[in-house]
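Here are a few exercises to work through with the model open beside you. Try each task before reading its solution.

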Amino acid sequence: MDKGTPVISFRDADILGGDTTVIYGLNMDIYPGDFVYIVGKVGTGKTSIIRTIIAENRLGKGSATVCGYDLSDIRSRDIPYLRRRIGVVFQDFQLLMDRSVEDNLSFVLRATGWKNPEDIDRRISEVLEAVKMDKKAHKMPHQLSGGEQQRIAIARALLNKPEVIIADEPTGNLDAETADGIMKLLRGINEEGTAIVMVTHNRAIFEQYGGRVMLCKGETCIEQVEEVINLDLIV
């Protein structure tokens, strides 16, 4: 079946960590509606792939496109426009601690070109309702639990209706029950058609919640097609 155009595509791509190649010959296609895990031991290049996707790291050899942008020759002035089409969720939430939930989200919208106050308020309400945090708009981040802060971070990632969400260890600082709630939230977003690429060390996560698995090891990152993944290769 034709899956359409990939939102992310790497072809024989070398992934850099600084000036050093950490992964050679990456081939990866991520389509609308995909849920893809990137797994592997610490230092195997998982986060470098994420940084390359958002054009924080330059691409080595090979080719890559993300949301229609060619990473091999993307112009600096186009990088902000690329990033508007990607939602990013971090392990440590990265909320602005000196302002309310509502002001955190408003800041992002205004920074990405939204001007009409009514449109901004409407979009904030939509994303907070989507993550079941619509009663928390006026709270400060320190008044929220870790799980609630991560839900706000996911709401922030949804603001500009991204084609893909990049989640870098989004459950890493959460207890098992809270992590389960975050995974259910991400799966629900995915089922509505948004592609999700998730870096994780947690074996239980990708065992319980299905998805494609890319395993980073030995300076490669290769999709695991067998039914049983060798978990000894993963921290």
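Before we start, a term: a residue is buried when its relative accessible area is under 20%, exposed when it is over 50%, and partly exposed in between, using a 1.4 Å probe and protein chains only. This is a predicted model, where local features need pLDDT of at least 70 and side-chain atom pairs count only at pLDDT 80 or more, while totals for chains, interfaces and linings use all residues. Residues are numbered from 1 along each chain as its sequence is written, and side-chain values use heavy atoms, leaving out hydrogens and water.

**Exercise 1. Is Q149 buried or exposed, and what is it in contact with?**

Step 1: Find Q149 in helix 5; helices (H or I, at least four residues) and strands (E, at least two) are DSSP runs, numbered from the N terminus.

Step 2: Its relative accessible area is 12%, so Q149 is buried.

Step 3: Look for contacts, meaning heavy atoms within 4.5 Å. Setting aside neighbours within four places in sequence, Q149 is in contact with F93, L95, P141 and L144.

Step 4: Check the polar atoms. One on the Q149 side chain lies 3.4 Å from the backbone oxygen of P141, and the backbone oxygen of L144 also lies 3.4 Å from a polar atom of that side chain.

**Exercise 2. Work out how the rest of the structure surrounds helix 5.**

Step 1: Check the length. The expected span is 1.5 Å times one less than the number of residues. For the 13 residues of helix 5 (residues 146-158) that gives 18 Å, and the end C-alpha atoms are 19 Å apart, which agrees.

Step 2: Count the buried residues. Ten of the 13 are buried, so helix 5 is largely enclosed by the rest of the structure. Among them are G147, I152 and L158.

Step 3: Find the packing partners. The buried residues of helix 5 pack against strand 6 (86-90), helix 3 (101-111), helix 4 (117-130), strand 7 (164-168) and helix 6 (176-191).

**Exercise 3. Which residues does S48 touch?**

Step 1: Go to helix 1 (residues 46-53), where S48 lies.

Step 2: With a relative accessible area of 11%, S48 is buried.

Step 3: Skip residues up to four places away in sequence, and you'll find that S48 touches I15, L16, G17, V22 and N57.

**Exercise 4. How many helices and strands does the protein chain have?**

Step 1: Count them up: seven helices and ten strands.

Step 2: Zoom out to burial: 49% of the 235 residues of the protein chain count as buried.

Conventions: Polar contact = N/O pair within 3.5 Å; in protein donor to acceptor, adjacent residues only side chain to side chain.
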